[in-house]
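Q: I should like to learn how to read the features of a structural model. May we go through one, beginning with its strands?

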Amino acid sequence: MTVIEHRVGVFTTDEHLVIRSWDEWLASVTGISAEEARGERLAALFPEIEARGLLTRFERVLAEGVVEVLATAFHHYLIACAPLTPSKRFERMQQRVTIAPLREDRAIVGTLVTIEDVTARLDRERDLDEQLASADEAVRLRAAQALAEEEERASAKKLMGALGDESWRVRRVAVDGLAQQVEAGEVSDLLRALREEHHNPGVLNSALQVLALSGVDAIAPLAEFLNDADTDLRIYATHALGDQHDPRAIPALIGALDDQDANVRFHAIEALSKLRATDAVDTLTAIAESRDFFLAFPALDALASIGDTRIAARLVPLLEDEVLRSPAADALGQLGDGEVVAPLAALLNTEGAPVSVIAQSLAALFKRYQRAYQESAYIADLASGAINATGVQNLIAAIDTAAGDELRDLVLVLGWLEGERIERTLVPLMGEATARKEVVEALVRYGERVTDLLIEQLGAEDVETRKAAIVALGRIGDPRAVPALVEALTNDDDLIIPAAGALGKIGDRRAFEALLDLIGHTDAAVRQAAVSAINSLGHPDMAARAVILLNDANPYVRESAVRIAGYFGYDECAELLLQRCGDEEENVRRAAIEHIPYIEDERALAVLGDALENATPRVRAAAAHAFAQVESARALPYLLKALDDADAWVRYFAARAIGQHGYSESLDDLMRLAQTDTARQVRIAAVDALGQIGGPRAVAVLATLAEAMEPDLMSAALKALGQIGHPDALPPLLEALRSTDQARRLKALAALGERGGQGVAEMLQWVAAADQDAAMAQAAIDALARLATAEAINALITLTADTARREAAIAGLAHLGQRHIEAIGHGINHPQSSVRRAVVEALGRMKQPLASELLIQALDDREASVRLATVSALAHLGSRNVEKRLVMLARTDTDAAVRGAAQRALRR
Amino acid sequence: MHSYADTLGLSDSAFTLLRDLIHERTGLFYDNGKSDLLIDKLSPLVIDRGFTSFLDYYYLLKYDVEADEEWKRVADALSVQETFFWREVDQVKAVVEQVVPDYFSAARAQPLRIWSAACATGEEPLSIAMALQEKGWFERAPIEIYATDASRAAIAKAQRGLYRERSFRNLPPHLRARYFREEQGAWRIAPELHSKIKWATVNLLSEADVGLMARVTIIFCRNVFIYFSEAAIRKTVRWFSQRMTTPGYLFVGAAESLLRMTNEFQFEEIGDAFVYVKK
């Protein structure tokens, strides 16, 4: 009120416009005292008023009793005077003037005039206008924030302008501000913004967000736009309705499928897709079946998105259409379930079948079942039972000419089937890089019966084929392969390492001597592979052999023997291991030092300490590394000293070891290294250690380093801050989230997901919802899933309402684990049916008894689409105790789709 | 599917960082489907350095004072040395039967320079030399052949000139008999042919390296771009085009296409081979 009092003046006139009262404010701004003004005719005191034609407005008030307002934008002022405070734009005070009739009883006896000084406000508005048009995002952001805090209508209008800003941060503030300010009356303004700016996606999306967040009902006016003569308007109305997440939009959109304009019909299909409009699937399927070149594609996409499995079988014939077969295959892969496998197989079993697209569909279905339910084998089993000899022949023939993804899908499907011819077809395909993984998986599944075929491949021309055969043999674990693998181990340089790995997996002791022969190999990787395999064999003679080998003349042999003896911790080798710490060869000493912490001998610490102080740089580095495994209290003095070692790698491993031990005593040294060490990797290791130790002093250093230009250092500092629970660690992470550098923001998101904190879930939700960078949005969803607090789970549930984020948010929820099921289950009562469906889907993927119990509640959902999704989810979970409920639904549900799904679920 | 990292017990937590660093420095890009391959190639180096994680090795390559030396080892490890004589020989024939005669028909005083830019263990430049020798070109005209690879180890093998059986899968027997003699279970290239080639180590992602070599009329750069990212290919091809003579002939592998990568060459058919021609 203080502000108003100081900026408004009031005077009155009689019916002849003679001034009767004149307040102090007016006296002060005009320099005319009340005594001077009273009794003077207005036009005499201020002749300009008459000259500007403003007296007629007074006369109208007196004659008609109306209230006249002199708009500032047009008239600027009534009484010319200087602004109260200096203005950079206006020489004269800008005034908002209201002229109201002054009455006595019912008679008009004069005028009551209020003059409001709006100069400062206009100045500020112009400033904000300029700031909103600035090229600097930070300036625009501040302006939007200032407007968002105001309650004036003018602010709302400016904020609407900011909805089209190129920066998502500015748009976010505008959406936030408007969502607070908008009232039902403003819906028309928003809709006007939509109408006028519907070609600007920024405005469109932001205006729609305001509508969604403000809770104002826009369905009816938007639906009305669908009857407008303007085609463009009808198109954006379909967009807007699709984004309202409100099933009440569905009937209007289904009506729009009959629009005279194909473009409107096209966009209506997309909107129905967004709304997952189960009610539209029959019409959409009919459009797909019409094979209309323009509309069948989006119709198939929409059907895939809606996910009503009832119509899947109707799409199978479209695989025979050369134009539509690919999107139809996609749709079947996405929305199909076990029910579509049989018709796909039936088509595959015909001569001239579109083999590749069928394989594409089956492969997509297989992958989706694996991704969502970890049940890809279900699809493979159904397919293998339904594909006959003709189908097999078709697959094999198609493989002859296929390449790339097509070949991979064909191989995947063929690999579900069995038979000698299939096996012989698959084995040579190990040479095809794109299909190698699928071939190996199939062969491993076939098991020992393909051992001979795989052994044949050990002589193949292509080295990758030979390697893949070895990998498969190792995984099959058939001891019959051992002689051939031993031969490969000894005769083929390219195969030594994979052969050693395979022999290690098979674990047959016949390979022992051949592997031991390799521990002196000149190639370090070969030695390591041989050592790993020998360690897997666990041969009873190894301890005795190690005693001998630790004294071998060949340093490579001694080095490998150290690794084997250290791994098993043979008592009889302890003394020799200590001796090898002083071996003449550096690599042997290094290996011995690495393993010395694992032997139980009092002398080990002294040997390690001596090595850390006096050995060569590489051995000192190995000792620093090894100290991570030494009992904490005893290691500290050694490691603290090592932080000052002349060699960077010694300091590096010492810092890492200190971090693992969490020595707070080393804070000063670590802070020094993090800030000033000459070797970048040492600074990074020190930063990592500071994150493990934590505390406000560590945070202060890390906050500075989080702004470093060097990406690795910055990244390590942000990660370290994410590990620290101290409240000071949060602001630098939030600051990094506002960076213009995407890499920095991604790291900040990951760290926030680890750390959490007040307001973090909300911030992550905003990024996930509003950031146009898909990687940022995904990272924010991942961070929410890692956070897994009640707020984060709610945020993920809310995000499922956004079609662009739905799948990622569902995946995030589904991976949260058993202890979060109850929190996820709250989403079953969400007001939006699309969210409830998403929650059902997430629960269905969790395969937990508690999830099934929550799903049973969703069988009573008021929306058929939610009940349908629930039936599908329960069918996947295979819960026996829901059978009665399914029987009831199959008989009595009001929706045919739900009844059908329940019947199919019961047949499983 | 598998990787040596499992067998060797390495942590792959920082593998992506390392992959991107290698892409930046060498142009070689290993997408997610090929990550096992890269892990296999690098694991021995990580082990040999005494490290247990790719992160340590990444810091070594990026920050250590001895990183330059380590990068040479990386180049060796990543080198694809699975090649053979007379591979994709139509292109070699196109050079010998059409490009070389056209070049010397213009009575040029300058020697004809040929660069085999990713020669691995030398089978490609030796195949070119054999084809030229078969047509008697070395006696009639000045021809220089340069052969380079990013891998020191590959070039060292090429300089030794000793080849195993796998390198001969495509070479006609009479050429093998004429240009090789058996030695310790392998085959040694005839010294007079071997000496026609000048060997060097070149990183195709180094403008300085490419600048030294690319002032030639013919470049064979085959079966290397399949391992490069698009950005790396564009860069290297641009450096080629800036320095090659006009006309200049660039041969790439049958599985490689530059049509989307450059406007600086015209795609032409010469004999039975396709070639990118700078005009």
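A: This is a predicted model. A first detail to locate is one bridge pair: A:Asp14 has A:Gly110, in strand 5 of chain A, as its bridge partner.

Q: How many bridges join strand 1 of chain A to strand 5 of chain A?

A: As a general idea, strands of a sheet pair through backbone hydrogen bonds, either parallel or antiparallel. In this case strand 1 (residues 8-14) and strand 5 (residues 107-117) of chain A run antiparallel and are joined by seven bridges.

Q: In what order do the strands of the sheet in chain A lie?

A: The sheet is open and has five strands, in the order 2-1-5-4-3, with antiparallel pairing. Strand 2 (19-22) and strand 3 (68-70) of chain A are the edge strands, each pairing on one side only. From one strand to the next, the twist averages 20°.

Q: Which strands of chain A does helix 6 lie across?

A: Helix 6 (residues 55-64) of chain A lies across strand 3, strand 4 (95-104) and strand 5 of chain A. Its direction is at about 30° to strand 4 of chain A.

Q: How should a packing angle between two helices be read, and at what angle do helix 4 and helix 5 of chain B pack?

A: Helix 4 (residues 54-63) and helix 5 (residues 67-78) of chain B pack at about 120°, with their axes 7 Å apart. The angle therefore makes helix 4 of chain B oblique to helix 5 of chain B. Helix 4 of chain B contributes B:Leu60, B:Leu61, B:Lys62 and B:Tyr63 to the contact, and helix 5 of chain B contributes B:Ala67, B:Glu70, B:Trp71 and B:Val74. By class, this contact has six nonpolar, no polar and two charged residues.

Q: Which residues of helix 31 of chain A are buried?

A: A general point helps with such lists: an α-helix has 3.6 residues a turn, so residues three or four places apart point the same way. In helix 31 (residues 482-491) of chain A, the buried residues are A:Val482, A:Ala484, A:Leu485, A:Val486, A:Ala488 and A:Leu489. They pack against helix 29 (451-457), helix 30, helix 32 and helix 33 (512-517) of chain A.

Q: How many residues does each chain give to the contact between chain A and chain B?

A: Chain A gives 21 residues and chain B gives 14 residues. On the side of chain A that touches chain B, helix 34 of chain A supplies the largest share, five residues. The residues of that side divide into eleven nonpolar, four polar and six charged.

Key. Residues are numbered from 1 along each chain as its sequence is written. Chains are lettered from A and ligands numbered from 1 in the order in which they are written. This is a predicted model: local features need pLDDT of at least 70, side-chain atom pairs count only at pLDDT 80 or more; totals for chains, interfaces and linings use all residues. Two residues are in contact if their C-beta atoms, placed from the backbone, lie within 7 Å. Helices (H or I, at least four residues) and strands (E, at least two) are DSSP runs, numbered from the N terminus. Ala, Val, Leu, Ile, Met, Phe, Trp, Tyr, Cys and Pro count as nonpolar, Asp, Glu, Lys and Arg as charged, and the others, Gly among them, as polar. A residue is buried if 20 or more other C-beta atoms lie within 10 Å of its own, exposed if 12 or fewer, and partly exposed in between; C-beta atoms are placed from the backbone. Axes are lines fitted to C-alpha atoms, for helices over the stretch in contact, and angles run from 0 to 180 degrees between N-to-C directions. Angles under 35 degrees count as roughly parallel, over 145 as roughly antiparallel, 65 to 115 as roughly perpendicular and the rest as oblique. Two strands pair if DSSP finds at least two bridges between them.
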